[in-house]
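Reader: I am in my first year and still learning to read protein models, and I would like a close look at a single part of this one. Could you take me slowly through the sheet and what lies against it?

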Amino acid sequence: MLKFNIRGENVEVTDAIRDYVVKRISKLERFLEPNVEANVHVNLKVYSNRTYKVEVTIPLPYLTLRAEETSNDMYGSVDLVTDKLERQIRKYKTKVNRKSREKGYKNLEFVDTPSEEVEASDSLKIVRTKQIPLKPMDSEEAVLQMDMLGHDFFVYQDAETNGTSIVYRRNDGRYGLIEVN
């Protein structure tokens, strides 16, 4: 069951906008695990040049979905974000299913990876700190997680060696792996 947290910046979130966002994003529930509970964070922004930006983040126990879209129409942006999130879910499920067939897994068990954001300001100019438990996975799954989040790197626990590893996107578009000893 999805719970919605819809905020507006420079725009009033009317009942019509709220209903449309809930209706469109709720269609993603059919792709999710049964009985999954998630808080959907939706941020609607209006810029001075009359463009609308919609940002959606859905932290799930096994994956964090995030997408954003900017266009000249608020409703169009919601549609584009929903399509993007649906593609992310399909891509993830396809990859997980393929991997489970290759490795012969019967049941995949995902570990919850909540993140806690803490605001900090000091002489080092660290503006945000995140604490996350490292989830055991292989490098392919880490690359997929990194792409889904839209980040340039991802830290994880290597399932084979139990060591900490980092995958990152190189300037040439390929991926690199750093294994920490």
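Author: Before turning to the sheet, it helps to know that two strands are said to pair if DSSP finds at least two bridges between them. The model before you is a predicted one, and in it four strands form an open sheet, in the order 1-2-3-4, with mixed pairing. Strand 1, which covers residues 2-9, and strand 4, which covers 64-71, stand at the edges, and because each has a single partner strand, one side of each is left without a neighbour in the sheet. If direction is ignored, neighbouring strands of this sheet are turned by 10° against each other on average.

In the middle of that order, strand 2 (residues 38-46) and strand 3 (residues 52-59) run antiparallel and are joined by six bridges. Within this part of the sheet, Lys-45 stands opposite Lys-53, a residue of strand 3. Helix 1, made of residues 15-26, packs on the sheet, where it touches strand 1, strand 2 and strand 3, and its direction makes about 135° with that of strand 1.

From here we can follow the side chains into the interior. The largest nonpolar core has 32 residues, and those with the most contacts inside it are Val-42, Val-56 and Ile-58. The elements that give two or more residues to this core include the four strands of the sheet, namely strand 1, strand 2, strand 3 and strand 4, together with helix 1, helix 2 (74-103) and helix 3 (139-149). Helix 2 gives the most to this core, contributing seven residues.

Val-56 is a good place to pause, and if residues up to four places away in sequence are not counted, the residues that Val-56 touches include Ile-25, Val-40, His-41, Val-42 and Leu-65, as well as Arg-66, Ala-67, Val-81 and Leu-85. There is also a second, separate core of eight residues, among them Val-143, Met-146, Leu-149 and Tyr-156.

Finally, the sheet can be set within the whole protein chain, which has three helices and ten strands. From the N terminus on, its elements run β-α-β-β-β-α-β-β-β-α-β-β-β. Of the 181 residues in the protein chain, 35% are buried, and among contacts with a separation of 6 or more, 39% are between residues 24 or more positions apart. The protein chain exposes about 11,600 Å², of which carbon and sulfur atoms supply 47%.

Technical notes
Residues numbered from 1 in each chain as written. Predicted model: local features only at pLDDT ≥ 70, side-chain atom pairs only at ≥ 80, totals over all residues. Heavy atoms only, no water. Axes fitted to C-alpha atoms, helices over the stretch in contact; angles between N-to-C directions. Contact = heavy atoms within 4.5 Å. Core = buried A, V, L, I, M, F, W, Y, C linked by side-chain atoms within 4.5 Å. Buried < 20%, exposed > 50% of the residue type's maximum accessible area, 1.4 Å probe, protein only. Areas by Shrake-Rupley, 256 points an atom, 1.4 Å probe, with all protein chains shown as cover.
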